[in-house]
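Trainee: I would like to learn how to read the place where two chains meet. Could you take me through it step by step?

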Amino acid sequence: MAGVAGPATGSGAAGGDGDDSLYPIAVLIDELRNEDVQLRLNSIKKLSTIALALGVERTRTELLPFLTDTIYDEDEVLLALAEQLGNFTGLVGGPDFAHCLLPPLESLATVEETVVRDKAVESLRQISQEHTPVALEAHFVPLVKRLASGDWFTSRTSACGLFSVCYPRASIAVKGEIRQYFRSLCSDDTPMVRRAAASKLGEFAKVLELDSVKSEIVPLFTNLASDEQDSVRLLAVEACVSIAQLLSQDDIEALVMPTLRQAAEDKSWRVRYMVADKFSELQKAVGPKITLNDLIPAFQNLLKDCEAEVRAAAAHKVKELCENLPMEGRETMIMNQILPYIKELVSDTNQHVKSALASVIMGLSTILGKENTIEHLLPLFLAQLKDECPEVRLNIISNLDCVNEVIGIRQLSQSLLPAIVELAEDAKWRVRLAIIEYMPLLAGQLGVEFFDEKLNSLCMAWLVDHVYAIREAATNNLMKLVQKFGTEWAQNTIVPKVLVMANDPNYLHRMTTLFCINALSEACGQEITTKQMLPIVLKMAGDQVANVRFNVAKSLQKIGPILDTDALQEEVKPVLQKLGQDEDMDVKYFAQEAISGTKRPSGSSGFQGGSRDSPV
Amino acid sequence: MIPGLGALTQDTLWCFSQLKGTVEIGATEADIISTVEFNHTGELLATGDKGGRVVIFQREQESKNQVHRRGEYNVYSTFQSHEPEFDYLKSLEIEEKINKIRWLPQQNAAYFLLSTNDKTVKLWKVSERDKRPEGYNLKDEEGRLRDPATITTLRVPVLRPMDLMVEATPRRVFANAHTYHINSISVNSDYETYMSADDLRINLWNFEITNQSFNIVDIKPANMEELTEVITAAEFHPHHCNTFVYSSSKGTIRLCDMRASALCDRHTKFFEEPEDPSNRSFFSEIISSISDVKFSHSGRCIMTRDYLTVKVWDLNMENRPVETYQVHDYLRSKLCSLYENDCIFDKFECVWNGSDSVIMTGSYNNFFRMFDRNTKRDVTLEASRENSKPRAILKPRKVCVGGKRRKDEISVDSLDFSKKILHTAWHPSENIIAVAATNNLYIFQDKVN
C-alpha cells in the first residue's frame with residue numbers, strides 16, 4: 001500500500017494546474033514512513049529539501065515534533081537523521097532557533113545503538129556552537145542536565161560528551177553546576193556511564209581552569225583509575241595523556257605519575273596492555289625527564305610482562321619509543337636499557353610477540369647507525385629470518401628498506417636467500433602469496449644481478465604453482481619486475497621462459513602464458529609484443545582446449561592497442577574471425593567481443609576493455 | 001522489603017498463582033519449555049521452548065486497593081527467536097531449541113535479552129510503541145490516491161496515540177564461533193561483554209561486535225581420543241568483571257581470573273570434593289557430572305547441581321562444599337534403570353532466592369525441592385494441574401523409601417520419570433517462582449495473609 005506512493009506513479013500527471021514543485025516534496029514526505037527502509041533513508045537524507053519547502057515556521061512546529069517521535073526506526077535511518085540535524089540550524093530559522101533542534105536530538109541520544117547515540121552527540125556538539133550564550137544556558141545546559149540525570153544509562157552516557165562544549169561559554173555559577181554533574185557521572189552506578197565519563201575526562205579537563213583541573217579532575221581521574229571494573233581503569237590511561245599535557249612537570253610528577261605507575265603494574269593485563277598501547281603518547285605527554293626516570297623502567301617491565309598480549313603491544317612501540325627519546329644520550333640508553341630486552345623478545349615463546357617485534361625492529365637501524373646495527377641488530381635480524389613462524393620472517397623481509405639505507409642489503413643477503421626460498425615454497429599458499437608481493441621491493445634492493453642469479457627461478461616457478469591466486473600474483477609480479485628492470489631485461493630473461501610454456505602439456509600453464517602476455521605486453525612495448533608475443537598467441541588459437549582459445553581472443557583484445565594497424569588487420573583479424581566461427585559458444589562469444597572491440601575507429605577507444613584492464 | 005523473603009524459617013506457604021501453556025494433553029515437542037528466566041527487576045519473565053520461541057510475560061501493576069490480588073504475569077511478547085537450520089558443511093541439523101535466555105541490565109525504555117540455541121546467540125530488543133503517524137500527501141485517509149493536481153499544500157504526518165504494540169527485533173546475531181553445543185551464556189558485570197560456553201570452549205564477546213569473539217578457555221585435547229571431560233556450565237561473577245567459573249562433567253568447578261592472562265586455560269581456583277570410596281560405583285562419574293552452576297547474588301558462594309545433590313561452595317574453600325543437599329537420594333538404588341532410560345543424563349538446573357537463603361531445584365514426577373540454608377529444612381512440592389486452583393496452598397509431598405507407605409506418600413516405583421522439572425526461576429526480590437513442567441509454566445507465590 002505504501003508502494004503506490006512511489007515517485008513513478010503519476011509523476012507525469014504532476015503538471016497541469018497543481019503546483020509542480022510540491023509533488024516531489026510530497027513524495028519525499030510520504031516516504032519518510034515508507035515500508036522500504038531504503039526509501040525512508042533516501043527521504044531522511046533529503047530532509048533539508050523537505051524543510052526548505054516547508055519553510056522555517058512549519059519545520060519548527062510540524063516537522064521537528066514528528067521527527068522527535070520517530071525513534072523507532074532502523075539504525076541506519078536514525079543515524080542519517082542524527083547527522084542531518086547537526087546541519088539544520090539554517091533551516092529552522094538560524095541561531096536564534098537552534099534550540100528547536102534539541103528535542104529530536106535528545107531522543108536520539110537515548111537510543112541503545114552506540115553509533116546513533118554518538119552521532120546525535122556529535123550533532124548536539126555542533127549545534128551548541130550556534131547557540132548564543134543566553135540560549136546556551138536557557139536551552140542547552142538544561143538538556144545536558146536532563147540527560148545527565150536520566151533514568152537510563154544510555155542518556156547519561158550521552159551527557160558525558162556534552163559537558164566540554166557548553167562549559168567554556170557558561171557563566172561561573174553554571175560552570176560550577178556542570179562540574180558537579182560531571183563529578184556525579186564519574187561515580188555512576190553503572191560501568192557504562194563511568195566508562196563514558198572516563199573517556200571524556202581528558203577532553204573536559206582541557207576546557208577547565210587549571211585550578212579546577214588540579215582540584216577536581218585529578219581526584220576523579222585517580223578514582224576512575226582505581227575503579228573496580230577493568231574496563232573503566234583502562235580508559236583512565238588515555239585520560240592520563242590529556243591531563244599530563246595540561247600540567248607542569250612538578251604537577252605531573254605529583255598528581256599523575258602515582259596513578260600511571262599503578263596502571264603500568266595493574267593486576268589486569270588489559271590495563272597494562274593499554275599502557276603499552278598508549279606508550280608513545282604518554283612519553284610525549286610527560287616529557288623527557290619523567291620518561292627517563294619512570295617510563296623506561298615501566299617499559300622494560302611491559303616488554304617482559306607475563307601476558308603475551310602486553311608484550312606484543314609493547315614490542316610494537318619499541319621503535320617509536322626509541323625515536324622519541326632525547327637525542328642526547330639516546331644511543332647509549334637504547335643500547336643499555338632497551339636492547340637487552342629486545343634480544344629476549346626475539347626468542348619469545350609467543351609468535352604474535354615475535355612478529356610484532358619483527359615489524360618494527362628494522363626501524364632501529366637508522367636510529368642506532370651502521371656500526372651498532374652490524375654488531376647488535378644484524379644477529380637479531382638473522383635469527384628472525386630463521387624463525388619458525390612465517391609471519392616473523394615476512395615482517396623482516398617487508399621492512400628491508402630500513403636496513404638497506406644503513407648497512408646495505410648485502411650484509412643480509414646470505415641469510416635472506418634461504419629465508420625467501422623457504423617462504424616461497426611454504427605449504428600455505430597465503431604465505432607464498434605474501435612473499436610474492438614483496439618480490440618487486442626485494443628485487444629493487446638486491447639489484448638485477450643478484451636477482452637473476454638467485455630469485456629469477458623462484459619467480460618462474462610460481463607461474464606453475466597449483467594455486468590460481470599464486471599464478472595470478474606471479475603474473476603481476478613479472479609485470480612489476482619488468483617495470484623495474486626494463487624491457488631489455490624482460491626480453492632476455494622473462495619473455496623466452498614465458499613463451500616456452502605455451503607448449504606445456506598442461507592447459508593451465510598454457511593459459512598462464514596468455515595471462516603473462518596480457519600483463520607484460522604494455523610494459524614490454526610494441527616491438528617485443530608484435531615480434532615475440534603475438535606469433536605465440538596466434539598459434540595458440542588452434543589449441544584443442546576451448547578455455548585456451550577464448551583466452552586467446554581475450555588476449556588479442558587486450559594487446560590490440562599496442563599493435564600497429566598492419567598487424568591488426570593482417571594477423572589478428574583473420575584469427576579472430578576464425579575463432580568467431582568456433583564450435584564452442586564461449587570462444588565464439590569472446591572472439592566476437594574482441595572483433596567488435598577492434599572495429600571501433602580509434603584504436604584506444606576501440607580497445608576500451610583492454611586498456612581498462614591492463615595493469616598500471 | 002518484602003515480609004517473609006527467604007524465610008522458609010516460618011515455613012513459607014506456597015500457593016498456586018498461575019498456569020501458562022496449553023492444558024490439553026498431548027502437547028507437541030516444540031512446546032516443551034527449555035529455559036525460564038526473570039529479568040533483573042522481576043517485572044518480566046521469559047521462557048524459551050524447543051520450537052525456538054521466546055515468550056515474555058509481564059507482571060501486571062498491583063492495584064493499591066486490592067491487597068490480596070497480587071500482580072499476575074501476562075503475555076507481553078512472543079517471538080520466534082531461532083529457526084531450525086542445516087549445516088551443509090558438516091551435514092548436521094541445528095535445532096531451534098532455546099538453550100538459555102539471559103536478560104541484560106536495562107539501558108533505556110526497551111528491554112534486551114540474549115537467547116541461544118546450540119550454535120548461535122542472538123540479542124533481542126523488546127520495545128513498546130504507542131504512537132502511529134497519520135496523514136499522507138498523496139493519498140487520503142482511506143488510502144485512495146489523490147489526484148496530484150489537487151496537492152496544493154504539504155502535509156507533515158502527525159503522531160497519534162494507538163493501542164500499545166510490543167515489538168521484538170533482533171539487534172545482533174553472534175554466529176559461527178562454536179563448534180560444539182552452547183550450554184551457557186552469561187552477561188558480564190561490565191555490561192559490555194558476555195561469554196558463551198560450549199562443551200570444550202568458552203568465548204568472550206563484546207555486545208557491539210558480532211564478527212569476532214575471544215576464546216578464553218579451550219580444553220580440547222590435541223587428540224580427541226584423550227578427551228576425558230567437557231564443560232557443562234559457565235557463569236560470570238555477579239560483581240567482579242574479571243571472575244568467572246565453569247563446571248565440568250567430572251564434578252569439578254574451575255574459577256578463572258581474566259586479569260591474569262588473556263587465555264584462561266589455567267584456573268585460579270579449583271573446587272573438588274574428594275570422592276568417597278565407599279560410594280564408588282559404575283555410575284559415580286555420571287552422577288557427579290555438574291549440570292548447573294550459579295553464583296549467589298552476593299557473589300560469595302557458588303552452587304552446583306549434580307544428579308543427586310545440590311552443593312554450596314564457599315569461594316574461599318576449594319577442597320569441599322560447605323553445604324550439600326540431597327535432592328532425591330532415593331534414586332540411588334534405581335540408577336541402573338535411570339541409566340537405561342537415559343534419565344541419568346538429565347540436566348537439572350538450580351536457583352537461589354533473592355537473599356541467597358533458599359535454594360530451589362527440580363526432580364522427577366513434577367516434584368521440585370527447596371532447601372532453607374538457615375534452618376536446614378527442606379520441602380518437596382509438586383507442580384500439578386490438580387492443585388491449580390487460585391491461591392491453593394501447595395501441600396508438601398513425600399516419597400516413601402521403605403516398605404511401608406503411609407497415606408499421602410508416593411512410592412519410588414510409582415514416580416513418573418517422564419515428568420521432570422529441569423528449569424526453574426526465582427523472582428530477584430520476592431517469593432515468586434516460575435517452574436517449567438514440560439510444556440507448562442507454573443507460577444507460585446508465597447501466601448500473604
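**Reading an interface and its salt bridges**

Mentor: Let us begin with charges that pair across the boundary: the count between chain B and chain A is seven salt bridges. Please keep in mind throughout that this is a predicted model.

Trainee: How many residues of chain B are in contact with chain A, and how many of chain A with chain B?

Mentor: On one side there are 44 residues of chain B, and they are in contact with 51 residues of chain A.

Trainee: And how do I express the size of such a meeting place?

Mentor: The size of an interface is often given as the accessible area lost when the parts come together. Here chain B and chain A bury about 4,200 Å² between them, and 55% of that area is on carbon and sulfur atoms. Within the area that chain B buries against chain A, 18% is supplied by B:Leu154, B:Val156 and B:Arg259, which is more than any other three residues supply.

Trainee: How many residue pairs are in polar contact between chain B and chain A?

Mentor: There are 22 such residue pairs between chain B and chain A, counting those with both residues at pLDDT 80 or more. On the side of chain B that touches chain A, the elements that give two or more residues are strand E10 (121-134) and strand E11 (158-174) of chain B. The largest share, seven residues, comes from E10(B). By character, the residues on this side of chain B divide into 19 nonpolar, eleven polar and 14 charged.

Trainee: Which residue of chain A forms a salt bridge with B:Lys125?

Mentor: The partner is A:Glu112, and the closest N and O atoms of the two are 2.8 Å apart. This pair crosses between chains, running from A:Glu112, in the loop between helix H5 (102-108) and helix H6 (114-128) of chain A, to B:Lys125 in strand E10 of chain B.

Trainee: Why do A:Glu112 and B:Lys125 count as buried?

Mentor: The cut-off for buried is under 20% relative accessible area. A:Glu112 is buried because its relative accessible area is 9%, and B:Lys125 counts as buried because its relative accessibility is 14%. The two also belong to a network of salt bridges that links A:Asp75, A:Glu112, A:Glu113, B:Lys125, B:Arg171 and B:Arg172.

Trainee: How many salt bridges are there over all chains, and what does one within chain A look like?

Mentor: The count over all chains comes to 58 salt bridges. In one of them the side chains of A:Lys354 and A:Asp387 meet, at 3.3 Å from N to O. That pair links distant parts of the chain, 33 residues apart, with A:Lys354 in helix H19 (residues 351-361) and A:Asp387 in the loop between helix H20 (364-385) and helix H21 (390-398) of chain A. Both A:Lys354 and A:Asp387 are buried.

Trainee: A:Lys354 also forms a salt bridge with A:Glu388; is A:Glu388 buried or exposed?

Mentor: In that salt bridge the closest N and O atoms are 3.8 Å apart, and A:Glu388 lies in the loop between H20 and H21, 34 residues from A:Lys354. A:Glu388 is exposed, because its relative accessible area is 69%, whereas A:Lys354 is buried, with a relative accessible area of 5%. To read a salt bridge carefully, then, look up each partner in turn.

Notes
Residues numbered from 1 in each chain as written. Chains lettered and ligands numbered in written order. Predicted model: local features only at pLDDT ≥ 70, side-chain atom pairs only at ≥ 80, totals over all residues. Heavy atoms only, no water. Contact = heavy atoms within 4.5 Å. Buried area = accessible area lost by both parts, 1.4 Å probe. Salt bridge = Lys/Arg side-chain N within 4 Å of Asp/Glu carboxyl O. Polar contact = N/O pair within 3.5 Å; in protein donor to acceptor, adjacent residues only side chain to side chain. Helix = DSSP H or I, 4+ residues; strand = E, 2+ residues; numbered from the N terminus. Nonpolar A, V, L, I, M, F, W, Y, C, P; charged D, E, K, R; others polar. Buried < 20%, exposed > 50% of the residue type's maximum accessible area, 1.4 Å probe, protein only.
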